[in-house]
Amino acid sequence: MRTAFIGLGVMGRPMAGHIARAGHDVVVYNRTRSKAERWVGENGGRVAETPAEAAADAEVVLACVGRDDDVRAVTLGVDGAFTTLQKGAVFVDHTTASATLARELAAFAGRSGFGFVDAPVSGGEQGARDGRLTVMCGGSDADFAKAQQVISAYARRCRLMGPAGAGQLTKMVNQICLAGLIEALSEGLHFARKAGLDPQAVVDVISKGAAQSWQMDNRHKTMLAAQYEHGFAVEWMRKDLGICFDEAARNGAALPTTRQVDGFYAEIEAVGGRRWDTSSLFARLEGKAEGNA
């Protein structure tokens with residue numbers, strides 16, 4: 001299939017690589033051209049000068065950028081992909097963005113004769129490299145079916161959750177759960193140390209029971225070693241939680257714990273930890289945040 005990938009950051013670069021290795025033709029665009037040229041040198045394909053050029057001949061265009069404004073720029077901007085997308089093509093947005101934006105872009109796409117799928121991902125950088133991301137999608141059955149043919153190159157699970165915006169709403173649930181899980185794990189490890197227990201021994205036991213989680217399995221060792229450069233950055237988590245709070249204001253959901261954890265992340269940012277990974281909640285409890293800044 002003829003594809004284009006817009007945004008070759010930490011997530012986009014390996015995702016686009018999996019698409020190329022699956023046998024699809026790939027045109028790439030990145031705001032920093034040197035990154036796109038390096039990707040082509042490693043994977044083949046072609047570099048486009050603009051999102052519009054990347055999308056011009058593609059059947060499926062995928063994007064993974066930073067925020068709502070970035071998505072707007074690469075879709076609706078002067079040189080945006082929506083200016084050249086063919087009728088019948090599908091645009092897939094892997095950015096974690098607002099459900100409001102997803103619905104807006106889906107409506108524009110429908111009027112223009114092409115499809116739109118909001119498809120945020122979970123699994124982090126490691127999941128992108130391993131091709132084992134979880135992808136939650138919003139859109140029509142037909143658009144999802146076409147997009148899934150490409151997404152399958154890097155997803156272990158990909159599911160249509162409902163109409164436009166449903167993928168983003170599902171990702172919000174993911175981030176809400178994640179915030180609480182990481183704080184609970186941080187408090188548990190902190191308690192174990194204060195109680196004079198061997199935290200590693202504690203994890204070895206409780207990770208085989210009801211307290212087990214991906215965070216416990218994959219982050220407890222780095223947390224105990226005060227290493228916070230192994231995952232999703234605090235500043236991006238706060239961006240995602242802000243989206244959750246905006247949506248909660250519209251739908252009436254109460255998020256007291258999530259708001260509290262967001263405040264903890266704000267404290268971490270204040271001492272220079274905005275680029276630490278989200279497990280750095282443990283550093284705050286251990287009183288080591290300033291020492292790691």
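This short talk covers the nonpolar cores of one structure and then its helix α2.

The model is predicted, so local features need pLDDT of at least 70 and side-chain atom pairs count only at pLDDT 80 or more, while totals for chains, interfaces and linings use all residues. Residues are numbered from 1 along each chain as its sequence is written, and side-chain values use heavy atoms, with hydrogens and water left out.

I start with the cores. A nonpolar core is a set of buried Ala, Val, Leu, Ile, Met, Phe, Trp, Tyr and Cys residues joined through side-chain atoms within 4.5 Å. Buried means under 20% relative accessible area, exposed over 50%, and partly exposed in between (1.4 Å probe, protein chains only). The largest core has 31 residues, and Phe5, Val28, Leu62, Val92, Val135 and Ile151 touch the most other members. Among the elements giving two or more residues are α1 (12-21), β2 (25-29), α2 (33-43) and α7 (141-151). The biggest share comes from α7, with four residues. Helices (H or I, at least four residues) and strands (E, at least two) are DSSP runs, numbered from the N terminus. A second core lies apart, with 28 residues, including Met172 and Cys244.

Now α2. Which of its residues are buried? They are Ala36, Trp39 and Val40. These three cover an arc of only 100 degrees around the axis (taken from the directions from the helix axis to the C-beta atoms), so they sit on the same side of α2. On the other side, Gly41 and Glu42 are exposed. The cover over the buried residues includes α1, β2 and β3 (46-47), counting contact as heavy atoms within 4.5 Å. Just after α2, Gly44 has a positive phi of about 85 degrees.
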